[in-house]
Amino acid sequence: MESPRYPDRYDLRKRRSQWVAFALFRVFSLFIAFVLFAILGFIIYKGVGVISWDFLTEPPTDGMTSGGIFPAIVGTLLLMLGSAIVAFPVGIMSGIYMNEYASRGWLVRFIRLMTNNLSGVPSIVFGLFGMALFVKYLGFGDSILAGSLTLGLLSLPLVIRTTEEALKDIPSSYREGSLALGATKLQTIWKVILPMGMPRIITGLILSLGRVSGETAPILFTCAAYFFPQLPSSIFDQCMALPYHLYVISTSGTDIEAQQPIAYGTALVLIAIILVVNLLAGGMRRYFENRLKTK
Amino acid sequence: MRKLFEKIVQWVLTGSGFVTSIVILLIIGFLFTEGAGLFRGRVIEEGYVLALNKENPVSRLTAEQIKGVFDEDIANWKEVGGPDLPIETFRLEDVDRYFSEEELGPQYERAGEAIVGWVEEHPGAIAFVPRVMIPEEADLHYIEDRTISPAEVFAGAEWFPTATPAPLFGMLPLLAGTLWVSLFAILFALPFGLSVAIYMSEVASERMRSILKPVIELLNGIPSVVYGFFGLIVIVPLLQQGFDLPVGESGLAGSIVLAIMALPTMITVAEDAMRSCPRSLREASLALGATRWQTIYRVVIPASMSGITSGVVLGIGRAVGETMAVLMVTGNAAVIPTSILEPLRTIPATIAAELGEAPAGGSHYQALFLLGVILFFITLVINMSVEYISSKNK
């Protein structure tokens, strides 16, 4: 190797500053990973002893200082289902419209701008809006219906965006091939585009369900009940929900000390839902990617 | 037939394309109608009057002055532009202390007359009583009842929505609290966010990246109420001991939790921007003899600046709108913060904490919707600026 043209000291300084910078980045990144594992580890460590079959299947008792969280689990699952019924069909149709029908131009830009804006609206504003529109104006009262509608609107932008992005990546040759065979536009979408985009759309839908399961602010005034031990019997009933339950028992109540184990357990169940959702979505993504590759 | 069906489907799809726009319009509509009602509300509680002795020339008091008078912070009429007279306040709750049972009558039917008599005898009196209790022929002088003015709300420094006789809706403390917490959150998050973004896009091996990526996604997925819980159980006590505070719930606790929550957005957007920086730029820089680090901070970062800025701004947006975590760890004192170590209260936390107790349709309820309008517009501005920044780049 030839001797370097720069003086050795300059070269050394350059390398040293690179070493320092990269080391710093690595330390910061590891620290962030550490923070995540600290949060997860702490809640799992404290919560795992609380989890038992009874905890998962019994209603709270003794002023919520003992018993389980069954109604809250059911409530959260109902709200996830309800919001899916609200958001998925409309969101997927909206995504299809944006990618397949709308002509490129100011209209699409406008719709996309609105969708982005909606996704930036804070969840508490959704809560206010849901209260004003569904609870008061339409007269649904505090109910699963009002909560599902509010959460559905909240997850709408996410559903639209994933659908749009999934469809965008499908090469236009598939559309042209189908159209050239004499299929109509609708047939092309139904038989070619949607099946191809489905894996990624479903991944996005699962992630949006995960987001819905943890939202508290939108259901504060539209659905969540402080204490409602029996299971809801209709969509006009209130229901308990895991995130709201965690908020309530960790900040208020008759005996905060005695409630703490329940809070850990609730937090763990919430985190477990998120973990399952993330793993499911990740697994699906990998599975479909591999299948596409082997084809 | 087939064609008609296609047409119908197309119409349905077109309709659903506009659903987000419709939702935004509905949000604006509903929040505005409720929020704007505040300015039609009265300063003094509805159905009540503030009665003065007829010799007293004072007829206008601001809501803050009324509160000062009844809290006995203002003790003399000359402080509010009246004669030099000590103020004597009277609330309906005090009625038994001022008058004997005979004076009031067994069913309180003579209470009105008794109060009027008391006010007529005391030149410095101010009485807060229901309008219906005052007999029509009473010769008293009343504080003018005005509608709540925007200046009192947007420039008011005191938030006492449940104070009687005149609630105060000054939003400055909440606005300041929100900005204060978000500012510190971003200051904490910025070095970490940028470092991780640079590390993941430029430095890390593929293996390291495949570990960090899910970590960031999980951080993004954890519900805010879990962050709040973790903050309450772990961070708050740590801060209390570490800084020797009377209460650990403080702006600092809020900003630390918010910083963690704003990180994933920041990292993802900034990393995407840096990864999409063209390879040719990097190669040109390296070919000129620059080290990888020099290439990063002289070429990659400037080239992807708009994306990085978008990430940071979106992170701010997330911090400003965050509700539950902040509600749980900041202590919720509605005062203009002087130090980050004190409890403070943000706009979203105020809405979440108070809407349940505010009677629907009342001034307090409307004030909370007005806060929602403000929050909506703050995030709208943030989103628009992100759009602007990223469109400028193309």
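**View 1. The open sheet of chain B has four strands in the order S2-S3-S1-S4, with mixed pairing.** Here two strands count as paired if DSSP finds at least two bridges between them, and strands themselves are DSSP runs (E, at least two residues), just as helices are runs of H or I of at least four, all numbered from the N terminus. S2 and S4 (141-142) of chain B sit at the edges, each pairing on one side only. Keep in mind that this is a predicted model, where local features need pLDDT of at least 70 and side-chain atom pairs count only at pLDDT 80 or more, while totals for chains, interfaces and linings use all residues. Residues are numbered from 1 along each chain as its sequence is written, and chains are lettered from A and ligands numbered from 1 in the order in which they are written.

**View 2. Strand S3 of chain B, up close with its two partners S1 and S2.** S3(B) spans residues 125-130, and 5 of its 6 residues are buried; buried means 20 or more other C-beta atoms within 10 Å of a residue's own, exposed means 12 or fewer, partly exposed is in between, and C-beta atoms are placed from the backbone. With S1 (residues 48-52) of chain B, S3(B) pairs in the antiparallel sense over 5 bridges. With S2 (residues 88-91) of chain B, the pairing is parallel, over 4 bridges. B:Ala127 is a handy residue to pick out: it is the bridge partner of B:Ala51, and also that of B:Phe90. Elsewhere in S3(B), B:Pro130 is the bridge partner of B:Tyr48.

**View 3. Helix H2 of chain B, where chain B touches chain A.** The contact takes in 67 residues from chain B and 69 from chain A, with two residues in contact if their C-beta atoms, placed from the backbone, lie within 7 Å. On the chain B side, H2 (residues 19-36) gives the most, with 10 residues. That side of chain B divides into 44 nonpolar, 18 polar and 5 charged residues. For that split, Ala, Val, Leu, Ile, Met, Phe, Trp, Tyr, Cys and Pro count as nonpolar, Asp, Glu, Lys and Arg as charged, and the others, Gly among them, as polar. For the complex, the predictor gives an ipTM of 0.90 and a pTM of 0.89.

**View 4. B:Val23, a residue of helix H2 of chain B.** Why does B:Val23 count as buried? Because B:Val23 has 22 C-beta neighbours inside 10 Å. Leaving aside residues up to four places away in sequence, B:Val23 touches A:Leu118 and A:Leu153. If you go looking for B:Ile308, it lies 285 residues from B:Val23 in sequence and 29 Å away in space, C-alpha to C-alpha.

**View 5. Chain B and its two domains, 1 (48-147) and 2 (172-393).** These bounds come from an automatic or database domain assignment. The C-alpha centres of the two domains of chain B lie 50 Å apart. Chain B has 17 helices and 6 strands. Its radius of gyration (over C-alpha atoms) is 29 Å, well over the 21 Å from the globule rule for 394 residues, so chain B is more spread out than a compact globule; the rule is 2.2 Å times the number of residues to the power 0.38. Along the principal axes, the C-alpha atoms of chain B fill a box of roughly 100 × 75 × 35 Å. Of its 394 residues, 46% count as buried. Among chain B contacts between residues at least 6 apart in sequence, 71% join residues at least 24 apart.

**View 6. Confidence along chain B, which averages a pLDDT of 87.** pLDDT is the predictor's confidence in each residue, from 0 to 100, and 99% of the residues of chain B score at least 70. Confidence in chain B is lowest in helix H5 (residues 101-104), at a mean of 74, and highest in helix H11 (residues 251-275), at 93.

**View 7. Chain A, with 11 helices and 2 strands.** Along the sequence, chain A runs α-α-β-β-α-α-α-α-α-α-α-α-α. The radius of gyration of chain A is 25 Å, well over the 19 Å that the globule rule gives for 295 residues, so chain A is more spread out than a compact globule. Its C-alpha atoms fill a box of roughly 80 × 65 × 40 Å, taken along the principal axes. Buried residues make up 47% of the 295 in chain A.
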